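Hi,

Here is the structure I promised to pass on. Have a look at it first, then read my notes underneath.

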Amino acid sequence: MNRRVNIEIMEGFVCKGEACPSVVAEAEAKLGLNFSEEYKDLLEKYSIFAIKGHEFTGIAKTKGQSVVDVTMLHCEKYADFPKNMYVIETVGVDGLVILQDANGYIYTYQPGTIPERICNSLEEYLEEIKG
């Protein structure tokens, strides 16, 4: 991913560390889908990260931070959860989550609704957060 947004200098940036590509591939296999290339790049570089109070899922042992655990929980809990997407952020208001698909598009989703595309890439979403 050729990031124009340098997230490391964004307000409130924190990260856990790196995740090796094989662990990222294992997470994809567990979910039965592919992550976007930009999300994979961020996982490999930061594992999990937060910016300006936005905590993103990633490769983590903590269930609330693990993209696998959070996505699987939503798949099990909500019959209408889109099976070709994964949770990148839980907003915590009315069940709202931010999703991404393998093409990199970003969506909002609430149980009982159709996901609404809000950005064309994670980079664009991070740019909006940056303000």
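Below is what I found, starting with the core and moving on to the helices.

A quick word on the basis: this is a predicted model, where local features need pLDDT of at least 70, side-chain atom pairs count only at pLDDT 80 or more, and totals for chains, interfaces and linings use all residues. Residues are numbered from 1 along each chain as its sequence is written, and side-chain values use heavy atoms, leaving out hydrogens and water.

The largest nonpolar core (buried Ala, Val, Leu, Ile, Met, Phe, Trp, Tyr and Cys joined through side-chain atoms within 4.5 Å; buried is under 20% relative accessible area with a 1.4 Å probe, protein chains only) has 28 residues. Ile 7, Phe 35, Phe 49, Leu 122 and Leu 126 touch the most other members. A second, separate core holds 9 residues, including Val 70 and Leu 99.

Now α4 (helices are DSSP runs of H or I, at least four residues). Leu 122, Glu 123, Tyr 125, Leu 126 and Ile 129 are its buried residues. They sit on the same side of α4, because they cover an arc of only 160° around the axis, taken from the directions from the helix axis to the C-beta atoms. Just after α4, Gly 131 has a positive phi of about 80°.

Finally, the axes of α1 and α3 (lines fitted to C-alpha atoms over the stretch in contact, with angles from 0 to 180 degrees between N-to-C directions) come within 10 Å and cross at roughly 10°. The two helices, α1 and α3, are therefore roughly parallel, a label for angles under 35 degrees.

Cheers

Terms used
Buried < 20%, exposed > 50% of the residue type's maximum accessible area, 1.4 Å probe, protein only. Parallel < 35°, antiparallel > 145°, perpendicular 65-115°, else oblique.
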